[in-house]
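I opened a fresh page for this chain and wanted to work through its sheets, its helix packing and its unusual backbone angles in turn. My notes follow the display.

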Amino acid sequence: MASVLVVEDDQFVRSALIRHLTEAGHTVRSVGTALEALREVAHLSFDVVILDLGLPDLDGSEALKMLRGITEVPVIIATARDDETEIVRLLNAGADDYLTKPFSVEHLSARIAAVLRRSRAAAADTAPPSVLRVGGLAIDPLRRHAELDGVRLELTRREFDLLAFLAGRPGVVVPRRELLAEVWQQSYGDDQTIDVHLSWLRRKLGETAARPRYLHTLRGVGVKLEPPRTEPLP
């Protein structure tokens, strides 16, 4: 079963989706606006997002673009719009599937299962087989599981990808351009995107930019991950 985020402003539709998906065994969280959805995926990990396009604060197509800037979680568009050009545009913009309302819960469940099969198969094909260890960090790319000193880290998809990429190169300064290319799959972008994710990641590792333990930024060069230095005895 999956962890599902439902982004839907119609309370009746939202309640029905929550009820039926929960009955199907999924863990469900729901929000009614695009900004709430962005906050959810920035701080929690989901297997799939069900995204309505007619949101009150931001059009769903813009919300999709912003979601793709911070996460690679599979997104299924669920909307009353049925224009073929719009569907193609959204799929090209990063949507993984598209459902036109009204649809049955069985149809939605089948689409979720198909999206998850593709997502998990892709992860299994590309993930390295061994656990990466850097100091008290243990990162399992295959299971997408990370621990610090034996305590599980609750990371978003992008935070995990960033940590795992750096952990695969311990002590090596990785240029920001390489991070954008390998972690964000972008040839160019805003350095602030990296800075924001590093800030979130540092918070979960119990450190700050002023007092780093694992993550070290070299201004104008890049970022490296290395074990904390042992303080000398007095």
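The entries below record what I looked up, one topic at a time.

**Entry 1: the parallel sheet**

I noted at the outset that I am reading a predicted model. I began with the open sheet, in which five strands are arranged in the order β2-β1-β3-β4-β5 and pair in parallel. At its edges I found β2 (27–31) and β5 (97–100), each of which has a pairing on one side only. From one strand to the next, the twist averages 20°.

I then looked at one pairing within this sheet, that of β1 (residues 3–7) with β3, and found four bridges in the parallel sense. One position I wrote down was leucine 5, whose bridge partner in β3 is valine 49. I also followed helix α1 (residues 11–23), which lies across β1 and β2 and runs at about 170° to β2.

**Entry 2: helix α3 and what surrounds it**

Which residues of helix α3 (residues 60–70) are buried? I listed Gly60, Ser61, Ala63, Leu64, Leu67, Arg68 and Ile70, and I marked Arg68 as one of the buried residues to revisit. The cover over these buried residues includes two strands, β3 (48–51) and β4 (75–79), together with the helices α2 (34–43), α4 (84–92), α6 (157–167) and α8 (191–205).

I took the packing of α2 on α3 separately. Their axes are 10 Å apart and meet at an angle of about 15°, and because angles under 35 degrees count as roughly parallel, α2 is described as roughly parallel to α3. The crossing of α2 past α3 is right-handed. On the α2 side the contact is made by Ala34, Ala37, Leu38, Val41 and Ala42, and on the α3 side by Ala63, Met66, Leu67 and Ile70. Sorted by class, this contact has nine nonpolar residues, with no polar and no charged ones. Comparing my two lists, I see that Ala63, Leu67 and Ile70 are among the buried residues of α3 and also take part in the contact with α2.

**Entry 3: strands β6, β7 and β8**

I turned next to β7 (137–140), which is covered on both faces: Leu137 and Ile139 are buried on one side, and Ala138 and Asp140 are buried on the other. Strand β6 (residues 132–134) runs antiparallel to β7 and is joined to it by three bridges, with leucine 132 standing opposite isoleucine 139. The hairpin of β6 and β7 has two residues between the strands, and there glycine 135 takes a positive phi near 60°.

β7 also pairs with β8 (145–148), again antiparallel, through four bridges. Here alanine 138 has glutamate 147 of β8 as its bridge partner. The hairpin of β7 and β8 has four residues between the strands, and arginine 144 lies in its turn.

**Entry 4: backbone angles worth a second look**

I kept in mind that most residues other than glycine have a negative phi, and that most peptide bonds are trans. Arginine 144 has a positive phi near 55° although it is not a glycine. Is arginine 144 buried, partly exposed or exposed? Its relative accessibility is 30%, so I entered arginine 144 as partly exposed.

Aspartate 149, in the loop between β8 and β9 (151–152), likewise has a positive phi near 55°. At 57% relative accessibility, aspartate 149 counts as exposed.

The last item here was a cis peptide bond between lysine 101 and proline 102, with omega about -5°. I placed proline 102 in the loop between β5 and α5 (105–126).

**Entry 5: strands β10, β11 and β12**

I closed with strand β12 (residues 222–225), where both faces are covered: Gly222 and Lys224 are buried on one side, and Val223 and Leu225 are buried on the other. Strand β10 (residues 174–175) is joined to β12 by two bridges and runs antiparallel to it, with proline 175 bridged to glycine 222. Strand β11 (residues 215–218) pairs with β12 in the antiparallel sense over four bridges, and leucine 215 has leucine 225 as its partner. Between β11 and β12 the hairpin has three residues, where I recorded a positive phi near 80° for glycine 220.

Notes. Residues are numbered from 1 along each chain as its sequence is written. This is a predicted model: local features need pLDDT of at least 70, side-chain atom pairs count only at pLDDT 80 or more; totals for chains, interfaces and linings use all residues. Side-chain values use heavy atoms; hydrogens and water are left out. Buried means under 20% relative accessible area, exposed over 50%, partly exposed in between (1.4 Å probe, protein chains only). Contact means heavy atoms within 4.5 Å. Two strands pair if DSSP finds at least two bridges between them. Axes are lines fitted to C-alpha atoms, for helices over the stretch in contact, and angles run from 0 to 180 degrees between N-to-C directions. Angles under 35 degrees count as roughly parallel, over 145 as roughly antiparallel, 65 to 115 as roughly perpendicular and the rest as oblique. A crossing is left-handed if the near helix is turned anticlockwise from the far one by less than a right angle, and right-handed if clockwise. Ala, Val, Leu, Ile, Met, Phe, Trp, Tyr, Cys and Pro count as nonpolar, Asp, Glu, Lys and Arg as charged, and the others, Gly among them, as polar.
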